[in-house]
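Colleague: I have not seen this one before. Can you walk me through it?

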Amino acid sequence: MASRFVSFFAVLTMGLLSLWTAGAATAADAVSHLDRIRANKILRVCIWPDYYGISYRNPKTGQLVGIDVDLARALGRDMGVTVQFVDSSFAKLIDDVTADRCDVAMFAIGITAARAEKLRFTRPHLKSDIYAITTRGNSRIKDWNDIDKKGTVVAVAKGTLHEPVMRDKLKNATLAVLDTPFAREQEVESGRADVFMTDYPYSRRMLETTDWARLVEPIGTYHVTSYGWALQPGDDRWYARLESFMSEIKRDGRLMTAAKRHKLDPIAVID
Amino acid sequence: MGARGFFALLALFVLSSATATGYFIHRLRVETLSYHLRIAEMQVRTFEDHLTQSVLVTDQMMVNLADTENLERPAPDLRAILRRSIANLPQVRSLSVLREDGQVLASSSAGNEGQRLGFTDPQPALDGDEGLLQVAGRWLGRDFSSGQAVSQASAEAVQEARDLGFIPLLRKIKSGGHRYTLVAALNPDYFVQKYRERLLQSPGDLHVLRYDGLPLFGTSAAMQWGALRAEDWDPLALSEREMGSFDDAEHNELTAYRTSRLYPLVLVLRLKRGDALTEWRKDALRFSAMAALIILSISAFAILFFFHQRRLGEQRAAAVLAEKERLGAVLDALPAMVFMIGPDSRYRFINRAAREFFSGEGLPQLNNGEYGTDAASRYLRQCNPTLFDRHADEMRQLMAGKVDQVFSEHTMQLREGLRWHQLMARRIEAEGAEGVVAMVSDITGRKDAETQLHLAASVFKASAEGILVTDEAVNVLSVNAAFTQITGYTSEDMIGQNPKKLASGQHHAAFYKDMWLALKEKGLWQGEIVNRRKNGRIYPEWLTISAVRDDLGKVCNYVGVFSDITERKASEERIRHLSEHDFLTGLPNRILFQDRVSHVIAHSERNGARFALLFIDLDRFKTVNDTLGHHIGDLLLKEVANRIGTCVRSTDTVSRQGGDEFLVLLENIEQPEDAGRVAEKLLERLADTCVLEGHELHITPSIGIALYPEDGRDMTTLIKHADVAMYHSKEHGRNTFHYFTSAMNATANERLLMEHGLRRALENGELEMHYQPLVALVGQKVVGAEALMRWRHPDLGMVPPLKFIPVAEECGLIVSLGEWALREACKQGAAWHAAGWTDLTMAVNVSAPQFAQEDFLDAVRAILADTGYPPERLEFEVTESLLIVSSEVLRANIEGLRGLGIRLAIDDFGTGYSSLAYLRKLPIDKLKIDRSFVRDVTLDADDATITTTIVQMAHSIGLQVLAEGVETQGQLNFLQSHGCNEVQGFYFSPALPAVTFTAYLERNNGIAAQSAEATEST
């Protein structure tokens, strides 16, 4: 079933990709996303549908759930336009935004130096450290210090901020970089990997939806990353509008309300 | 229950409770173990299902891969396919495709590729390419690239692997003419984790073994690598049964096992008994503690209760003892004697009074003696055998239950005297006290009181006086029979009522007020009171009311005692009446009469009125009294009184003065003649014949009248003058009346003179006897002489007998005069007899008073003896009335006279009351016909008839007849012709002095010539 879903997704993505590539190229430089959004009455928002608590498409219902989905819809309401979600992932993020497949990527994108070179970030609205998920039966990983041991296999998703961080940090353990949906969980559960690294929202998802997952928290702060929304660099008016929105939701509590709704208030950033 | 018994029982209870608890806990343990076995079976079944499913998915996935032509693809493509195939199968760590020679053609994990793998002893062993999944022995490491088979690994390698390992599952497949082996590395962690999670709730270890007993993996670290014991394996007896459970007592383990339904895998769940029994231990501990607590509590409570009960029992026993002592003290304090006798007749208890009684009587004490035979009983039997035997018999009956109680009241002669005793005995049947209780009380006082009470009640009942008792509020409580008799009210009428009911209304309120005042102050009132009977009549009573006070001095009763004094009042009235009235006639007596006359005098004086007094005397009443007796005389007086009453006005007063004298007061008369008219009326009324008890009586009055104021102004004078007038009437022939005149006073004086003279006459010899010859008609010779008395008064001269004889009769001189006359006559007669006239008979008048003398006969005998006169020549002349009186004395005297030979002649016959027929019965010899008949015998036919009849009748009954007062030849001839025997009278001779008579006798003796001399002297 998972494989069928994957193939459907792939077909859909490719179709959209081919459709919008031409249009984006023509309007990218001259016209602000803002005007276009207002003109088309459509706000295109990139999301990662596997991102639990942020922009998660529940496979059982097909509904999008998460803080950034709520905030994107709030933004659409503020602007008086319809929101159109566009599936993306961390692996495709830069490409999707740069190719103007969406007006903004709103899926708690870790603000990293590498990404900032290609993308423009709003002020952060969340921030998260790195967490590890292992199986309950794994006797070899008891705490954070057990991770970077010889023979330990650490899985990360390709394109996520964890990939460069762990590549940089791990000295003894083997890093496995995975690029298929849910691959990290499958690797760990089947025993091919001992742990996979993720952030706060995703770890929450694992603990809540599986009975085998065990959270391994870093001792002290390991590597905190701020999350924000990403857009094409240069479009100042669009950026200003987004920043203005970010300020409003932080001020008027909509951010906190949404965070609480998705149990993310511990990592909400309200300046 | 004794303490030993109680504690034995308690111990039994604790023991049984503990046993029950223990058994229960044991059962609980058995059930817990059985429960855990069942749970283990269920779990092992669940695990088996999961394991089989997981392996089945893997197996299917491998079979599916072989069905396509994937295996022919280049290695990278096949790898991707393999990778995709196991992406969602966490139970599979890697999937590899091996060539026939064991070299890895392609693998989901690239590291495996190129390696040559060998598997020793995969199960089940296959001949050729049968489509069965084979399970190889366990490998250490993450995957084939870094692992080695456990069977070939060193201990260090096992240590280093740090639990990381996998189980190769082999599937031999033909595809495209080539033989391949697909190898899936089964991830045990996946299962172990699942099992651990499940086993968290119910402890135990799960082991997965290959069917040949090779341990594959398990939840416990110790079993991780399959150190399977032979004794663990053998009991499974898989050849007989692929699933089951058992309790391994030897190893203290519970075991449940199950073989995979598809694959050569066996799951064994082993549970330490200790773990299984953890809850049971807690429960057992809790339950034991609770049971212990309950048992302890119950025991403690029971012990407390037991001791409490024992203490209560002791207290009760103490109380019973105290009660017994108290009872003894109470019984000792009783004045009555109390005995308790047991069924064996022995005394159980004797109180102080009884002990004192026996010591007082000088008897030995009864202590434990036997009733009926001991000294006391012997003494009592001696005192009164009958009584004692009766009591003894009753006691036996009481003992035997034939009677319930015995009661007796009897007297006992004791030292202090005769006493009343009351015996009460009852049988008692209380447990431990069976027998008889007898109580003897001295009730002498009560008996005395009862006697008193009885007496009082009798008095109350029998009293002739009415008695009424009220309470303090004056409501009647009781009345006696006399009360009812007097008042007519019964008890029912009176009880609860106020005695006011009896009030007659005759007394004023002040009367009753005084009565209550007296009662309040003195507690007593008595007096006369008029009450009303039930029949409405009022009556007087003499009432005494006493207030009865109680001990506190408060009035509690009033007792009224009264007698009906109606009778007494009447008596008083009668006495008063009697004192003022004549007893016999009821007429006012002298006293009342005088009172009335005084009043009338006073009245008449004031008013100038006139009234008259009539003095009435009955003629010859004395004769009636003397001859018919006083009874008849009284009746006659009453009759006369009545008749007088009818002749006067109601305002006039008739009074009896005594004897036969009556006085009549005629008030307010106009004329003196009015009194005369009344007198005439009286004469007329009284003349009527009276018939009294068969006697016909003729009575006549003599009446004298005195007038106020003419005949006197004071009462004495008036009465005296009326009396004088009455005498005057008497002297003038009686049966008449006269007004008083002053002349009458002279006559009255003369009579008085005569009475005085007469008394002296005998002494002075002024009396002398004259004799009148009695001549027989045949031969006309003197045959006798009638002696007649003459009084030669010195002043008055010769006084005829008619004048002085009544006076002598009235003043009582007649008896002595008569005796003198008889003596003189006998003396003279004796003289004549001596002179030769021996045939001469002497006739002497004898008066009624003489005959009434008891010594009359003696006197006669004495005279006869003195004079020597022969009694047979003596003849007594009596009046006929005398003879008809039936007086004893009279009769005896007559008999005596007849016995002497003296003859009796009836004088003045014809004037009296007797009939001739009657005479026949009388002892008489001669009748003397009264001169009144003889006088007119030749002139009056009636008198002639009467005379003739008398003569004939007398002769017919053998009597001699003499005619008195013969004065003429004609008379003589008539009498002679009619056969009269004798005559006397002036025709022959008057009465002559003795000397003269002698001469006359001499002259006539033998001479039949008639006498020429007639002397008028009678």
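Modeller: Sure. Start with the surface of chain B. Chain B exposes about 50,800 Å². Carbon and sulfur atoms supply 54% of that area. Keep in mind that this is a predicted model.

Colleague: What share of the residues in chain B is buried?

Modeller: Buried residues are 46% of the 1018 in chain B.

Colleague: And how many helices and strands does chain B have?

Modeller: Chain B has 32 helices and 39 strands. Its radius of gyration is 85 Å, while the globule rule gives 31 Å for 1018 residues, so chain B is more spread out than a compact globule.

Colleague: What box do its C-alpha atoms fill?

Modeller: Roughly 250 × 80 × 60 Å for chain B, taken along the principal axes.

Colleague: What about contacts along the sequence in chain B? How much comes from residues 24 or more positions apart?

Modeller: Those pairs account for 59% of the chain B contacts with a separation of 6 or more.

Colleague: Switching to chain A. What is its secondary structure?

Modeller: Chain A comes to 10 helices and 14 strands. Of its 271 residues, 54% are buried. The accessible surface of chain A is about 12,000 Å². Carbon and sulfur atoms hold 55% of that surface.

Colleague: Same contact question for chain A, then. What percentage joins residues at least 24 apart?

Modeller: For chain A that is 71%, counted among contacts between residues at least 6 apart in sequence.

Colleague: Where do the two chains meet? How many residues are in contact?

Modeller: On the chain A side, 19 residues touch 21 residues of chain B. The area buried between the two chains is about 1,600 Å². Carbon and sulfur atoms give 37% of it.

Colleague: Which three residues of chain A supply more of its buried area than any other three?

Modeller: R140(A), E189(A) and R192(A). Together they supply 39% of the area that chain A buries against chain B.

Colleague: Let's do a sheet. In what order do the strands of the open sheet in chain B run?

Modeller: The order is β14-β13-β17-β16-β15, 5 strands of chain B with antiparallel pairing. The edge strands are β14 (347-350) and β15 (405-414) of chain B, each pairing on one side only. On average, neighbouring strands of this sheet are turned by 20° against each other, direction ignored.

Colleague: What holds strands together in a sheet, generally?

Modeller: Strands pair through backbone hydrogen bonds, either parallel or antiparallel.

Colleague: Back to this sheet. How many bridges join β13(B) to β14(B)?

Modeller: There are 3 bridges, and β13 covers residues 337-341 of chain B. One pair of bridge partners is I341(B) and Y347(B), the latter in β14(B).

Colleague: And the hairpin of β1(B) and β2(B)? How many residues lie between the strands?

Modeller: The hairpin has 5 residues between its strands. G102(B) takes a positive phi there, near 95°. Strand β1 (residues 92-98) pairs with β2 (residues 104-107) in the antiparallel sense over 3 bridges, both in chain B. L98(B) stands opposite V104(B).

Colleague: One last residue, R79(B). Where does it sit?

Modeller: R79(B) is in helix α2 (residues 75-86) of chain B. Its relative accessibility is 23%, so R79(B) counts as partly exposed.

Colleague: Which residues does R79(B) contact beyond its neighbours within four places in sequence?

Modeller: They are A106(B), S107(B), S108(B), A110(B) and E113(B). The C-alpha atoms of R79(B) and L95(B) are separated by 8.9 Å, with the two residues 16 apart along the chain.

Conventions
Residues numbered from 1 in each chain as written. Chains lettered and ligands numbered in written order. Predicted model: local features only at pLDDT ≥ 70, side-chain atom pairs only at ≥ 80, totals over all residues. Heavy atoms only, no water. Pairing = 2+ DSSP bridges. Helix = DSSP H or I, 4+ residues; strand = E, 2+ residues; numbered from the N terminus. Axes fitted to C-alpha atoms, helices over the stretch in contact; angles between N-to-C directions. Rg over C-alpha atoms; globule rule 2.2 N^0.38 Å. Buried < 20%, exposed > 50% of the residue type's maximum accessible area, 1.4 Å probe, protein only. Contact = heavy atoms within 4.5 Å. Areas by Shrake-Rupley, 256 points an atom, 1.4 Å probe, with all protein chains shown as cover. Buried area = accessible area lost by both parts, 1.4 Å probe.
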